[in-house]
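Colleague: Could you take me through one part of this model in detail, namely the place where two chains touch? A bit of background on the chain itself would help too.

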Amino acid sequence: MIDNEGAWRALSAVRSARPLVHNITNYVVMNSTANALLALGASPAMVHAVEEVEEFVDLAQALVVNIGTLSADWVTAMRLAVARARQSGRPWVLDPVGVGATRYRNLVAGELALSSPSAIRGNASEILSLAQATSQATRGVDSSEPAEAAILAARELAQRLGTVVAVTGAVDYITDGERVVSCNNGHALMTRVTGMGCTATALIGAFLAVEPDPLAAAVYGLAVLGVAGELAAANAKGPGTFQVQLYDALANLERATLLERARLA
Amino acid sequence: MIDNEGAWRALSAVRSARPLVHNITNYVVMNSTANALLALGASPAMVHAVEEVEEFVDLAQALVVNIGTLSADWVTAMRLAVARARQSGRPWVLDPVGVGATRYRNLVAGELALSSPSAIRGNASEILSLAQATSQATRGVDSSEPAEAAILAARELAQRLGTVVAVTGAVDYITDGERVVSCNNGHALMTRVTGMGCTATALIGAFLAVEPDPLAAAVYGLAVLGVAGELAAANAKGPGTFQVQLYDALANLERATLLERARLA
Amino acid sequence: MIDNEGAWRALSAVRSARPLVHNITNYVVMNSTANALLALGASPAMVHAVEEVEEFVDLAQALVVNIGTLSADWVTAMRLAVARARQSGRPWVLDPVGVGATRYRNLVAGELALSSPSAIRGNASEILSLAQATSQATRGVDSSEPAEAAILAARELAQRLGTVVAVTGAVDYITDGERVVSCNNGHALMTRVTGMGCTATALIGAFLAVEPDPLAAAVYGLAVLGVAGELAAANAKGPGTFQVQLYDALANLERATLLERARLA
């Protein structure tokens with residue numbers, strides 16, 4: 001049962017277990033992602049050296065792989081980490097940032113998506129591009145596609161890859177190929193702060209560490225971030241104050257508020 | 001005509017066009033630069049892999065090259081991106097961070113400055129060093145030179161390279177080698193937050209995407225940042241609250257305020 | 001005499017001298033470290049290219065080496081910078097982030113610790129791991145060790161390496177192998193913001209630039225950060241507002257407040 005009570009139980013589990021979340025992520029959001037994970041109650045680490053990345057996978061409870069500022073050495077590290085996570089049964093989540101923009105991103109994102117992630121999170125354009133990059137289809141991609149338009153592609157992708165796919169936008173849609181759950185939370189200011197999608201992916205990583213059902217983990221991560229975003233926006237006068245308030249909201253989110261505000265369907 | 005009305009028109013153009021601004025910039029400021037561009041109304045991307053950097057130049061409306069934390073791979077990416085921008089007529093702006101401090105910076109900044117940037121922005125010491133690094137002169141550089149002292153060097157540099165040079169300080173001076181425009185906005189707290197110069201350069205990049213005259217684009221970028229800085233300082237009690245307020249001020253800046261406060265001459 | 005008056009004198013010296021502090025640090029904290037150093041009154045620079053790192057050591061008044069997101073190229077730069085700092089008598093401080101977690105970190109941290117740092121700062125687990133990594137002992141390390149448990153190891157390590165070792169936690173302990181000074185300042189919110197330990201190390205770097213006794217420099221850096229943390233917490237509602245307030249508190253810290261609140265013993 002994926003519902004508001006489940007979201008609260010999972011958030012409580014993150015806060016008490018403080019799972020170590022291993023991030024191989026982009027330079028732009030390393031600081032904001034670490035702070036969001038800390039505010040949530042998880043324990044973040046950013047580790048990418050090929051000399052140690054596999055050893056670190058074994059120490060962590062979940063892995064986050066984000067290709068935002070990829071380069072060759074980092075891709076090597078991602079491959080090593082993902083192989084190790086599969087081998088040792090660690091959950092991991094993929095953020096295919098900017099897939100569709102360049103051939104290099106299509107190659108890397110496609111390869112990683114085919115490496116058994118527990119979940120994938122992207123916006124509508126990215127999920128449509130990823131669906132193409134992992135299939136034989138060659139249809140063009142409109143980057144202005146709303147999240148709704150990507151639901152079918154997400155469901156097909158989730159079925160084909162045996163994973164959970166989350167399409168985030170004004171409304172988020174999360175599917176394991178059979179079930180489709182929507183989350184109608186968040187605020188427009190979240191699009192005016194860099195890396196909010198990356199933060200969403202990292203929070204999904206934290207929930208994967210404590211919640212065995214990856215569909216539920218993805219839904220809960222997005223619901224908690226969306227509700228925190230609404231609370232933050234109520235205290236913000238622009239994108240600067242919004243980001244600061246978001247960390248406070250994640251840290252202070254209480255049961256009654258989450259139960260009342262999370263809009264899952 | 002470069003004036004306050006023009007600054008407002010250009011800002012409105014950024015906000016409505018939401019130009020994609022491609023940044024190859026330093027690790028320290030990636031997050032704050034992205035947030036400033038988002039607050040302004042532009043769409044930032046940070047992409048540096050040699051495998052994709054040229055393809056990405058073609059997607060973007062302007063390119064920002066900042067050598068703050070350069071290393072060999074990044075310099076290769078900068079060269080590729082700049083060559084591609086020249087080839088496809090994309091405007092690009094150079095931030096020669098720390099030129100004058102080391103021979104490596106002098107070499108890299110000198111080479112990039114000679115690669116037809118649309119504009120260059122630096123503090124007085126950097127512009128004086130860059131003037132040397134691109135000429136045969138070998139006179140020493142005093143890093144405490146005020147902006148005024150660099151005006152002559154900036155004008156000569158702009159003429160010689162056929163570009164626009166912005167010297168920022170308590171008062172900013174912007175020249176295309178013929179005209180010299182000054183912008184007398186900003187606040188001392190801007191020197192207590194890291195990367196404010198880098199942010200200025202990135203905003204110039206956003207204005208280059210919508211304003212065909214690079215002198216006007218540079219002036220407008222600095223005027224908007226300077227006015228936003230004044231508004232932020234009025235709500236700040238130190239450098240922490242200042243930075244947060246700056247993003248809000250960039251996002252919320254209104255016509256009447258900009259027309260009233262921008263001090264161009 | 002290491003006391004509150006000495007802390008104030010050293011802070012005043014940083015503010016008036018504005019020492020250039022050269023950081024080779026991790027991607028996660030580059031921005032927050034630079035902002036903390038600026039708020040303190042120092043002048044930060046992040047430089048790591050092998051082509052220029054030695055030249056930059058000569059320009060700076062202190063060097064900070066932090067292995068948080070190490071990789072092979074960065075380790076090469078750290079080696080070059082440290083060798084140059086030793087050669088030219090520049091003080092430098094080591095932050096062995098995550099030592100104990102992987103063999104690679106143990107190797108790198110161990111080698112750097114044996115390269116005559118002026119000071120080393122870590123949490124209890126890191127200092128215990130570093131004591132092992134630099135000796136023949138092979139006893140396991142409990143990452144939940146409180147700071148107190150690491151005091152003996154810190155003292156032995158400081159004696160053996162001829163350096164100052166700071167173990168930070170709820171109470172900080174700083175030793176040169178003979179003397180042990182404690183600093184009982186700070187706030188629990190400091191553990192909910194990423195890179196607060198890295199900030200502590202960087203502030204120690206700034207104090208090393210103006211204070212010839214490295215034990216005093218380490219104590220003063222931690223005392224100033226701890227007191228600023230207390231002031232920030234009083235104005236914060238969570239980790240987001242805390243971090244913003246911390247920069248303001250560092251910039252605005254006054255003599256009377258520091259003398260009254262610093263709890264050195």
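Modeller: Here is the chain first, then the contact, then the core. This is a predicted model, where local features need pLDDT of at least 70 and side-chain atom pairs count only at pLDDT 80 or more, while totals for chains, interfaces and linings use all residues. Residues are numbered from 1 along each chain as its sequence is written, and chains are lettered from A and ligands numbered from 1 in the order in which they are written.

Chain A has 11 helices and eight strands (DSSP runs, H or I of at least four residues for helices and E of at least two for strands, numbered from the N terminus). Its C-alpha trace spans about 45 × 40 × 35 Å along the principal axes.

Now the contact: 23 residues come from chain B and 22 residues from chain A, where two residues are in contact if their C-beta atoms, placed from the backbone, lie within 7 Å. On the chain B side, α2 (30-40), β2 (43-46), α3 (53-59) and α10 (239-252) each supply at least two residues. The most comes from α10(B), with seven residues. By class, that side of chain B has 14 nonpolar, five polar and four charged residues; Ala, Val, Leu, Ile, Met, Phe, Trp, Tyr, Cys and Pro count as nonpolar, Asp, Glu, Lys and Arg as charged, and the others, Gly among them, as polar.

As for the inside, Val219(A) touches Ile2(A), Ile174(A), Val181(A), Cys183(A) and Leu264(A), leaving aside neighbours within four places in sequence. Of the 265 residues of chain A, 66% count as buried, meaning 20 or more other C-beta atoms within 10 Å of the residue's own, with C-beta atoms placed from the backbone.

Terms used
A residue is buried if 20 or more other C-beta atoms lie within 10 Å of its own, exposed if 12 or fewer, and partly exposed in between; C-beta atoms are placed from the backbone.
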